[in-house]
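Biologist: I'm new to this one, so could you walk me through it? I'd like to hear the reasoning behind each label.

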Amino acid sequence: MQALAAAGVSWPAFAASVAAALLVAAVVVRLCSEAARTGKRTSTGDGGAKARLPAGTLGWPLVGETLAFISAASSARPESFVENRCLRYGKVFRSHLWGSPMVVSADPEVSRAVLQGDASTFVPWYPRSLMELMGESSILVLSGVLQRRVHGLAGAFFKSAELKARVTANMQIHVAAAMDAWRTGAAGAVRVQDVAKSIVFGILIRTLIGLEDGPEMNYVRQQFCIFIDGLISLPIKLPGTQLYRSLQAKKRMTRLIQKIIQEKRSRRIIEGKDFCGAPRDLIDVLMSNGSDELTNELISDNMIDLMIPAEDSVPVLITLAVKYLSDCPLALQQLEEENMELKKKSDAGETLQWTDYMSLTFTQHVITETLRIGNIISGIMRRAERDVEVKGYDGLVIPKGWCVLVYFRSVHLDGGVYDDPYAFNPWRWKERDTMGNSSFTPFGGGQRLCPGVDMARLQAAIFLHHLVTNFRWVAEGDDLVNFPTVRLKRGLPIRVTPKS
Ligand code: HEM
């Protein structure tokens, strides 16, 4: 995802690696030009044309303003870095972050224009270690026709009613099993984040590569943990480094996935060339497309890359929702009432369908508000492929080669957009629309709009339904950490009591 979205990296280790990475990267990337540091007018990358840069500063030589950004991001108000500069320079300003000159946008309309830009204007940009790990054919890095094809196929599959029905059945079984174990109370406090992570990862692996619970699933879990630790690390691939270990883990997962693809291909040959049964997983979907570009290598690489945006974000969404509900008894009560009403259906012997969960209006408002206030993905980054004029800011230009940080967090917490923006208030969504709203973009937008939107909402709704209809709980104290990823420091331990 964006630069800061890597899981399981401790702060001191991360700070040290960022500082070192920046120095290494700075040597190879670029020195900040004095003109760009101080001047309002500067040459653009197109060779000489004068363009007006957004106001701001590029900060210190080499490290720019990255350390100030990290310091704010690690505080209780991560948005303070952007907020302070918005006050000084306006909602679009220039900076220098992660080794690159950067235009930062906290303006919803400018951000929308950036998100909607095609490959001729903006391409995704990630720090080098992330690029190394993802590889060139990753959907997260690809641009143009191939990205649209993979995105379209994955999006259609994730949104399909068949998959939602299967995920619902699966999730119900695994949530019920996990919560049954809570009833004995033997486990003491349960950590919501860990339970959600374990359930959601299993479902994700089933959806992507079709593995069921067993040794191979455990192997993927284990290798993925090693892989993800390298997402933000020094961009050095020598034996012994984190990046090297992560690349090795990716290779091992790739070998297993290639074996799965090979077996599927052999089965198809045996069952006949025209075999086109309903796809069970995303590998089936991509294989069935018949495009020569969708090679075994591209498919297997992408299965792992697709795990990156999905594996952590949904468990964190669930955990944050439980946290906010613990602090807001009124919302919890209304959520409980809505879900108890639905439970009457299952008590009467009916099996709940995905449509039942998705039509829980207040539950969806709770999820929406959690996405707004929790800012699981605080922003995304792009690199300008040519000089791009900033929409609505007469004459301002993002120069070719510069990066843009589209910072959702500041918009989601903007008092001009949301009344009392730091208050958890699911009721505000009674009157507001989440679709086509440039001030609410937790899933990004444009051609790269998250294809997992429905899946994330569905899984969160199922988890919440089973929790509030079966248990009361008291949350133990925990700290919300925002950097490098959003999470609860202790995984949100709760003490549960079964409802009679
Ligand atoms: C709370 C949960 C989630 C959040 C907040 C979230 C957020 C995002 C955001 C902001 C982007 C845009 C990235 C960009 O523009 O560069 C994105 C892209 C993506 N997400 Fe999600 N996501 C979530 C869950 C999921 C799930 C469950 C899946 C898969 C099942 C998924 C798969 C993807 C993929 C494949 C992309 C890349 C799309 C592309 O570049 O074409 N996400 N997500």
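**Reading the labels**

Modeller: Let's start with one residue: Ser 160 has 15 other C-beta atoms within 10 Å, so it counts as partly exposed.

Biologist: Why is Ser 160 called partly exposed?

Modeller: A residue is buried with 20 or more other C-beta atoms within 10 Å of its own, exposed with 12 or fewer, and partly exposed in between, with C-beta atoms placed from the backbone. Ser 160 has 15, so it lands in the middle class. You'll find Ser 160 in the loop between helix 7 and helix 8 (161-183). Its C-alpha is 10.0 Å from that of Met 455, although the two are 295 residues apart in sequence.

Biologist: Before we go on, what kind of model is this?

Modeller: It's a predicted model: local features need pLDDT of at least 70, side-chain atom pairs count only at pLDDT 80 or more, and totals for chains, interfaces and linings use all residues. Residue numbers start from 1 along each chain as its sequence is written.

Biologist: How do you know how confident the predictor is?

Modeller: That's pLDDT, the predictor's confidence in each residue, from 0 to 100. The chain's mean is 88, and 88% of its residues reach 70 or more. Over residues 1-49, though, the pLDDT is below 50; beyond near neighbours in sequence, that stretch has 89 contacts in the model. A contact here is two residues whose C-beta atoms, placed from the backbone, lie within 7 Å.

Biologist: What makes something a helix or a strand here?

Modeller: Both are DSSP runs, numbered from the N terminus: H or I over at least four residues for a helix, E over at least two for a strand. By that rule the chain has 19 helices and 14 strands. Of its 500 residues, 44% are buried.

Biologist: What makes strand 4 enclosed?

Modeller: Strand 4 covers residues 100-105, and 6 of its 6 residues are buried, so the rest of the structure largely encloses it. Both faces are covered: Ser 100, Met 102 and Val 104 are buried on one side, and Pro 101, Val 103 and Ser 105 on the other.

Biologist: How do you know which strands pair with strand 4?

Modeller: Two strands pair if DSSP finds at least two bridges between them. Strand 3 (residues 92-97) pairs with strand 4 over 6 bridges, in the antiparallel sense, and Ser 95 stands opposite Met 102. Strand 10 (residues 403-407) pairs with strand 4 in the parallel sense over 4 bridges, with Leu 405 as the partner of Val 104. Both counts meet the cut-off, so both are pairs.

Biologist: Why are strand 6 and strand 11 called edges?

Modeller: They belong to an open sheet of 3 strands in the order 6-14-11, with antiparallel pairing. Strand 6 (190-191) and strand 11 (471-475) each have a single partner strand, so one side of each has no neighbour in the sheet. Strand 11 is joined to strand 14 (residues 493-498) by 5 bridges, and Val 474 stands opposite Arg 495.

Biologist: What makes the span of helix 19 close to the expected one?

Modeller: The expected span is 1.5 Å times one less than the number of residues. Helix 19 has 18 residues and reaches 26 Å from its first C-alpha to its last, close to the 26 Å expected. It's also mostly covered, with 13 of its 18 residues buried.

Biologist: Which residues are closest to the ligand, and what is the shell made of?

Modeller: Being near means that a residue's C-beta atom, placed from the backbone, lies within 6 Å. 25 residues surround the ligand, and the closest are Ala 310, Ser 313, Gly 444, Cys 450 and Gly 452. The largest share, 4 residues, comes from helix 7. By class there are 19 nonpolar, 5 polar and 1 charged. Nonpolar means Ala, Val, Leu, Ile, Met, Phe, Trp, Tyr, Cys or Pro, charged means Asp, Glu, Lys or Arg, and the others, Gly among them, are polar.

Biologist: Why is Asn 375 called buried?

Modeller: Asn 375 has 22 C-beta neighbours inside 10 Å, so it passes the cut-off of 20. It also has a positive phi of about 45 degrees although it is not a glycine. Most residues other than glycine have a negative phi.
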